[in-house]
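Please open the model in a viewer and keep the sequence panel at hand. The tour proceeds by selection, one group of residues at a time.

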Amino acid sequence: MSAQSEPQVRVGVGVFVTNQSGQFIIGKRKGSHGAGTYALPGGHLEYGESFEACAIREVLEETGLEIADITFLTATNDIMAAEKKHYVTIFVRARVTGEQTEPQVLEPEKCEGWEWMTWDLLKDWINRSENPACSAESRAFFLPLRNLVAQRPNFTPI
């Protein structure tokens, strides 16, 4: 097996883009792995790129929002067996700056729409999505967010 065909571990950066009310944005993914699930804005870390630079680039590309005060929060180990993908997801927090304060859907092939969310509500929805009895009232969440809740029970992004 050549080096190019061997499975690779990739690094993703998920950004808790916060507003003055302590909320952050999530969007419904489409067009790639995790389609139909809710996730933070973010993407792949490029060679030589800092977590902060990746967060700034991805958030601007996806939402049109400018961000600042980027802080490393934690990381998760995300093995997506069905898709044969393995990611380490770096979570950072940033605040919205600039005149634009509402996210726009700038990549409609990748995201259905953005909405503001609280951490408590997101945790509640993720916990309900893990309970089959509550599935009618739940949403599906991207594996890194589900792992964040499961692997870091005392975590809070705000």
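Strands, as named here, are DSSP runs of E with at least two residues, numbered from the N terminus. With that convention, the loop between β5 and β6 can be located, and Lys-84 lies in it. The model is a predicted one.

**First stop: two positive phi angles**

Select Lys-84. Although Lys-84 is not a glycine, its phi is positive, at about 55 degrees. Is this residue buried or exposed? Lys-84 has a relative accessible area of 76% and is therefore exposed, since the term applies to values over 50%.

Now select Asp-69, which is placed in strand β5. Asp-69 is likewise not a glycine, and its phi is positive at about 55 degrees.

**Second stop: helix α1**

Select residues 51-63, which make up helix α1. Does the distance between its ends agree with what its length predicts, or disagree, and what are the two values? The 13 residues, at 1.5 Å a residue, should span 18 Å, and the end C-alpha atoms are 18 Å apart, so the two agree.

Next, colour the buried residues of α1: Cys-54, Ala-55, Arg-57, Glu-58, Val-59, Glu-62 and Thr-63. An α-helix has 3.6 residues a turn, so residues three or four places apart point the same way. Among the elements that cover the buried residues of α1 are β1, β2, β4 (42-44), β5 (66-80), β6 (85-97) and β7. Just after α1 comes Gly-64, with a positive phi near 80 degrees.

**Third stop: strand β2 and its partners**

Select β2, residues 24-29. Five of its six residues are buried, so β2 is largely enclosed by the rest of the structure. Which strands pair with β2? One is β7, which runs antiparallel to β2 and is joined to it by five bridges. To see one of the residue pairs, display Ile-26 with its bridge partner in β7, Glu-115. Another partner is β3, paired with β2 in the antiparallel sense over two bridges. Here Lys-28 has Tyr-38 of β3 as its bridge partner.

**Fourth stop: Tyr-38 and its surroundings**

Keep Tyr-38 selected and add Phe-141. The two rings form a tilted aromatic pair, with centres 5.9 Å apart and 45 degrees between the planes. This pair links distant parts of the chain, 103 residues apart: Tyr-38 is in strand β3 (residues 38-39), while Phe-141 is in the loop between α2 (119-129) and α3 (143-151). Tyr-38 is buried, with a relative accessible area of 13%, and Phe-141 is buried too, at 1%.

Add Arg-139, which lies over the face of Tyr-38 at 4.5 Å from the ring centre. A second arginine to display is Arg-29, placed over the face of Phe-142 at 3.9 Å from the ring centre.

**Final stop: helix α2 and an aromatic cluster**

Select α2 and show its buried residues, Trp-119, Leu-122, Trp-125, Ile-126 and Arg-128. Against which elements do they pack? The answer is β1 (9-18), β2 (24-29), β7 (111-117) and α3.

From Trp-119, extend the selection to Phe-16, Phe-24, Phe-91 and Phe-155; ring pairs link these residues and Trp-119 into a cluster. The model holds eight aromatic pairs by the ring-centre criterion, which requires centres within 6.5 Å.

Technical notes: Residues numbered from 1 in each chain as written. Predicted model: local features only at pLDDT ≥ 70, side-chain atom pairs only at ≥ 80, totals over all residues. Heavy atoms only, no water. Phe/Tyr/Trp six-rings, centres within 6.5 Å; stacked < 30°, edge-to-face > 60°. Helix = DSSP H or I, 4+ residues; strand = E, 2+ residues; numbered from the N terminus. Buried < 20%, exposed > 50% of the residue type's maximum accessible area, 1.4 Å probe, protein only. Lys NZ or Arg CZ within 6 Å of the ring centre and 35° of its normal. Contact = heavy atoms within 4.5 Å. Expected span 1.5 Å × (residues − 1). Pairing = 2+ DSSP bridges.
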